[in-house]
Amino acid sequence: MSGRIRWLVAGAGFTGAVVAERIARTRGERVLIVDRRDHLAGNAFDFTDEAGNIIHKYGPHIFHTGSDRIWDYLSQFTGWRPYVHRTMVAIGDHLVTLPFNLDSLHQIFPGRDADMISAALVAEHGFGRRVTIGKLLDSSTPTIIEFAHFLRDNVYLNYVRKQWDLDPEELSPSVLARLPVSISHDDRYFQSRHQAMPVEGYAALFERMLAHPKIEVALRTEFSDVRADHPTARVVYTGPIDAYFDHRYGELPYRSVRFDLSFAARKNIQPVGTISYPGAAGYTRITDLSHITGQINGSVLVKEFPEAYARGRNEPFYPVPTPQSAQMLRPYVEAARKLRGKVWFAGRLGDYAYYNMDQACGRAMALVDKEPRWRSMTLRR
Ligand code: FAD
């Protein structure tokens with residue numbers, strides 16, 4: 001490959017890989033993309049083990065998007081296996097649909113109670129709506145308030161405590177806003193127009209995305225180890241923003257997860273892809289990967305144990321959504337703003353924001369399309 005590297009991308013997850021592909025394809029400039037891990041695809045990485053089990057190394061990843069643009073873009077690099085994610089929650093002896101819907105209601109509250117709650121929900125919000133638990137708690141209808149408290153105490157409270165090691169009041173309101181109740185019989189976990197899994201997995205999708213003559217990939221490579229070799233290259237950094245600045249304003253909090261895998265002799269051991277266990281000690285949910293990957297010989301069960309993040313010991317999976325962490329992020333955002341023109345931060349760790357895969361993809365596409373300084377660089381040449 002000739003010519004100098006014009007772009008150095010740190011991180012080969014969805015954000016970094018899409019940025020690299022877009023720069024190479026739309027600007028025709030050379031890109032070096034590095035990742036400290038020994039594989040592409042970031043947290044979406046998957047592989048098949050010696051026994052033929054398909055494993056999502058960093059927890060189950062289900063693709064869904066409402067954006068035709070993102071769907072069409074990714075479809076250049078993969079075919080799709082249709083998959084609609086369904087999940088349940090264990091409440092006492094009951095296993096009911098999650099998000100909690102009108103059928104879950106009838107399974108938990110027998111007879112007239114369910115009819116009363118269901119009538120009150122439909123009257124207040126309308127049939128077919130998805131309403132957050134936070135909104136139900138704010139209702140002035142006693143039946144709804146009582147129901148909302150039941151859900152809060154039996155479904156969400158323990159789950160949120162285990163997931164974040166915080167009480168719901170300590171989290172940003174956006175977290176409760178992600179926990180909907182469905183006033184319908186819709187049992188889909190996601191309502192996005194496109195829901196599917198890459199036929200040959202995420203790793204294969206990334207291989208194709210980055211197979212471009214202007215893209216060079218270096219795995220097992222730390223960004224800081226190669227930066228000095230490419231002093232004039234512009235940087236897109238998708239690692240943790242606080243790490244880039246050597247944590248000079250303090251360490252941003254992250255939450256990690258330990259995944260315990262077990263193997264089953266037959267597929268579809270669980271009735272649905274994922275079952276949440278708010279009442280269980282230590283773990284939050286179990287996923288039966290055979291639903292998701294379509295694997296037919298046996299299954300892989302993934303049990304998730306949220307845990308404290310410690311640098312160097314485990315992975316910083318989730319930015320912690322509290323007002324305090326938003327405050328801590330500010331000086332980093334300001335420091336990043338001063339570097340624009342040379343370095344851009346993006347992605348789940350670079351923006352310190354929880355993104356689904358399609359959102360990470362959309363963020364990367366928007367960066368390449370809309371960054372005004374990149375446009376002026378093109379005009380100058
Ligand atoms: P990442 O995938 O984290 O990639 C960042 C990469 O940068 C990593 O590979 C890292 O090794 C590398 N890196 C960091 N610092 C450096 C450095 N200094 N030098 C070199 N390399 C570096 N989304 C969905 O849409 N559906 C799901 O079902 C879903 N399930 C999830 C389950 C779990 C447990 C988790 C944690 C996330 C899930 N997500 C899901 C979110 C999804 O993983 C993210 O949207 C996606 O990974 C974001 O991509 P990214 O490129 O921003 O970050």
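A residue is taken to be near the ligand if its C-beta atom, placed from the backbone, lies within 6 Å of it. In this predicted model, 33 residues surround the ligand, and Gly-11, Gly-13, Gly-42, Gly-239 and Gly-347 come nearest. Helix H1, helix H13 (347–350) and helix H14 (357–370) are the elements that contribute two or more residues to this shell. By residue class, the shell around the ligand consists of 15 nonpolar, 12 polar and 6 charged residues.

Helix H1 also takes part in the packing of a sheet. Strands of a sheet pair through backbone hydrogen bonds, in either a parallel or an antiparallel manner. Here, 5 strands form an open sheet with parallel pairing, and their order is S12-S2-S1-S13-S19. Strand S12 (215–218) and strand S19 (343–345) each have a single partner strand and stand at the edges, so one side of each is left without a neighbour in the sheet. On average, neighbouring strands of this sheet are turned by 15° against each other, direction ignored. The pairing between S12 and strand S2 (residues 31–34) is parallel and extends over 4 bridges. Within this pair of strands, Val-34 is placed opposite Ala-218 in S12. Helix H1 (residues 14–27) packs on the sheet and touches strand S1 (7–10), S2, S12 and strand S13 (234–237). The direction of H1 makes about 170° with that of S2.

A further element examined was helix H6, which spans residues 142–164. This helix bends by about 45° at Tyr-156. Tyr-156 is itself buried, as are other residues of H6, including Ile-144, Phe-147, Ala-148, Leu-151 and Val-155. Tyr-159, Val-160 and Lys-162 are likewise among the buried residues of H6. Just after H6, Asp-165 adopts a positive phi of about 55°.

Arg-152 lies in the same helix, H6. A residue is counted as buried when 20 or more other C-beta atoms lie within 10 Å of its own, and as exposed when there are 12 or fewer. Arg-152 has 18 C-beta neighbours inside 10 Å and therefore counts as partly exposed. When residues up to four places away in sequence are not counted, Arg-152 touches Ile-133, Leu-137 and Leu-157. Of these contacts, Leu-137 is 15 residues from Arg-152 along the chain, and the C-alpha atoms of the two residues are separated by 8.7 Å.

Methods
Residues numbered from 1 in each chain as written. Predicted model: local features only at pLDDT ≥ 70, side-chain atom pairs only at ≥ 80, totals over all residues. Pairing = 2+ DSSP bridges. Axes fitted to C-alpha atoms, helices over the stretch in contact; angles between N-to-C directions. Contact = placed C-beta atoms within 7 Å. Bend = angle between axes of the 7 residues up to and from the residue. Nonpolar A, V, L, I, M, F, W, Y, C, P; charged D, E, K, R; others polar.
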